[in-house]
Amino acid sequence: MGLHSAAPASFPAQAALARVEPGEPIAIIDIGSNSVRLVAYAGLSRAPTPLYNEKVLCGLGRNVLSTGRLHEEGMRRALQALARFRELCRTIRVGRTFVLATAAARDAENGPAFLEAAEAACGEPIQLLSGRREAELSAFGVISGFHAPDGVVGDLGGGSLELVDVRGAAVGRGVTTPLGGLALQDLSGNSIKKARKIAADTLKKAAPQLETLRGRTFYAVGGTWRALARLQQAARNYPLRVMHGYGIDPAEELRFLDVVESVDAATLAAVESVSEARRPLLAFGAVVLEEIIRTGRPREIAISATGVREGLLYELLDSASRSLDPLLVAASDLNRMRARCPGHGPELQDWTDAFMASLDTPETADERRLRHAACLLADVGWRTHPDYRGEQSLNLIAHGAFVGIDHPGRAYLAVSVFFRHEGVAPEKASPTLRQLAGARLFEQARLLGAALRVAFPISVAMEGVLPRTPLLVEDGALVLRLPEDLRALASDRLSSRLRGLARLLGVEARIAVA
């Protein structure tokens, strides 16, 4: 199975890009088999920020395989939603709207007539995606939302399941199957037993995609799988209710999926967080995921909140923008909006680069990018009341709309900035975030937090000071160098914080003025 670069392909991306002004809101309407959704973004960016997100569960594809036609009530609801979305886009002053349609409109005999009415309702041309094109955009969505992804993307909609291999920014040939939740419910006559056999038989045709999955990550895209993940989090009392980047052990997931398939959905913990229209599809989504796990034997399941829509935005970017790190882009945006002096964040990155390079224990490349993100986020809580800066910074970062980061990374970012405000005693940190970060990242967070506690009393979060005041481990001692004209910065408070960092390193501390 060949791989190709994630460059603009069949969609006329560059022509569309010419009509998107920098900083101008952009919207995508996704007409799916189960739902019709509008997402408006603040602009075209490597880390796009949603301005507004609305979904209507229409069930367009209900019984389409058995009847050959889109559901009448579903069409009525979809057209009503599209007319509403048109007005919302006008209110938001969206500059460019893309409208995509997928499996249900592809497969139904009355699909063309519906699309004609839908274009009139939303006032925009509609791109009818082929199964292969849908798989490609789903893959681009995962590339846009994960740092160096490596595995197989599975996008489960109401009418179809798309599978495609991803390795970094390279995308394999995708395959589409009729295993969407509504389609499988229809094909099986609402029988879970029959659904299992259909899923097993159908996925044999996806062997080129699934045979590469063993020992890699399965990226689960789609509302039904996100709903299952939300219920699984509730069942295990998981502390961070953020879907994107949530990692699941396949063996643990198989046990949970078996429960979902065998009980009434209404009895599941936190089921009230799942819309009533989606609950009947949970068991069918569980059947498909279970078969993928048993056949593909992935190392991990990662839940993705980015898919076709984000994939289209990613494709619209130029090659230089696509190569950017979305976590660092998002952290830079937050630093620019909320820090006292945005130029201080990049200086913190350089200052801590030199400090970390002077240590005996090297960072990994991923630890370095997390540290750089933490430096950009270090001052985002400064407007909060002093007694709550640590707590509020932690909440803002742990629950922020970041991509390109997993949950241990989120915990590291949140805890490191918390320590910068509250001190680095381990017991001060949330036990759940400490466990989520893991032993190594937690200690890295303490180390960075202690270094930031030294940086802020000498720089007061302003640029221009840190480049003149290097902090290094030299000849077995932690040394902060101050130029003669900054001698007055030396104080008992600064010395105390320097000694606190030195204790973590097991060395002596001193301030050198020259």
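# A tour of pockets, cavities and salt bridges

Select first the lining of the largest cavity, which has five nonpolar, 14 polar and nine charged residues by class; here Ala, Val, Leu, Ile, Met, Phe, Trp, Tyr, Cys and Pro count as nonpolar, Asp, Glu, Lys and Arg as charged, and the others, Gly among them, as polar. The model is a predicted one, in which local features need pLDDT of at least 70 and side-chain atom pairs count only at pLDDT 80 or more, while totals for chains, interfaces and linings use all residues. Residues are numbered from 1 along each chain as its sequence is written, and side-chain values use heavy atoms, with hydrogens and water left out.

**The largest cavity**

Rolling a probe the size of a water molecule over the atoms shows where empty space is left. On a 1 Å grid over the protein atoms alone, a cavity is a set of points where a 1.4 Å probe fits but cannot get out, and a pocket is an open set with protein on both sides within 12 Å along at least five of seven lines; lining residues have an atom within 4 Å of a point. Grid points are joined across faces, edges and corners, and a volume is the space filled by probe spheres set on the points.

The largest cavity holds about 420 Å³ of space. To centre the view on this cavity, select Asp30, Ser35, Asp155, Leu156 and Gly157, which lie nearest its centre among the 28 lining residues. Then colour S3, strand S7 (150-156), H10 and H13, each of which supplies at least two residues of the lining. Helices (H or I, at least four residues) and strands (E, at least two) are DSSP runs, numbered from the N terminus.

**The second largest cavity**

The structure holds five cavities of 30 Å³ or more, and the second largest of them has about 50 Å³ of space. Select Met356, Glu363, Glu367, Arg371, Tyr412, Leu441, Gln444 and Leu448 to display its lining. Helix H21 (439-459) gives the largest share of this lining, three residues, and H17 also supplies at least two. Four of the lining residues are nonpolar, one is polar and three are charged.

**The largest pocket**

Turn next to the largest pocket, with a volume of about 1,100 Å³. Its lining comprises 39 residues, and Pro48, Pro50, Ala305, Ala401 and Val403 lie nearest the centre. Two or more lining residues come from each of strand S3 (35-41), strand S4 (50-57), helix H10 (223-235), helix H13 (308-316) and helix H15 (326-338). Which element should be highlighted for the largest share of this lining? Select H15, which contributes five residues. The lining divides into 17 nonpolar, ten polar and twelve charged residues.

**The second largest pocket**

The second largest pocket contains about 610 Å³ of space. Select Gly245, Gly247, Glu300, Asp406 and Pro408, which lie nearest its centre in a lining of 28 residues. Strand S11 (217-221), strand S12 (247-248), strand S13 (300-304), helix H17 (365-377) and helix H19 (407-422) each give two or more residues to the lining of this pocket. Its residues divide into twelve nonpolar, seven polar and nine charged.

**Salt bridges**

Side chains of opposite charge can pair when their charged atoms come close. A salt bridge is a side-chain nitrogen of Lys or Arg within 4 Å of a carboxyl oxygen of Asp or Glu, and the count comes to 31 salt bridges.

Select Arg369 and Asp325, whose closest N and O atoms are 2.7 Å apart in a salt bridge. The pair links distant parts of the chain, 44 residues apart: Arg369 is in helix H17, and Asp325 is in the loop between helix H14 (319-322) and H15. Buried means under 20% relative accessible area, exposed over 50%, and partly exposed in between (1.4 Å probe, protein chains only). Arg369 is buried at 8%, and Asp325 counts as buried at 17%.

Move on to Arg420 and Asp379, a salt bridge with its closest N and O atoms 3.4 Å apart. Arg420 lies in helix H19 and Asp379 in the loop between H17 and helix H18 (389-398), 41 residues apart. Both are buried: Arg420 has a relative accessible area of 9%, and Asp379 has 5%.

Glu162 and Arg106 form another salt bridge, the closest N and O atoms being 4.0 Å apart. This pair joins strand S8 (residues 161-167), which holds Glu162, to helix H4 (residues 103-107), which holds Arg106, across 56 residues. Is Glu162 buried or exposed? Glu162 is buried, at 2%, whereas Arg106 is partly exposed, at 25%.

Finally, select Asp150, Asp165, Arg167 and Arg216, which are linked in a network of salt bridges.
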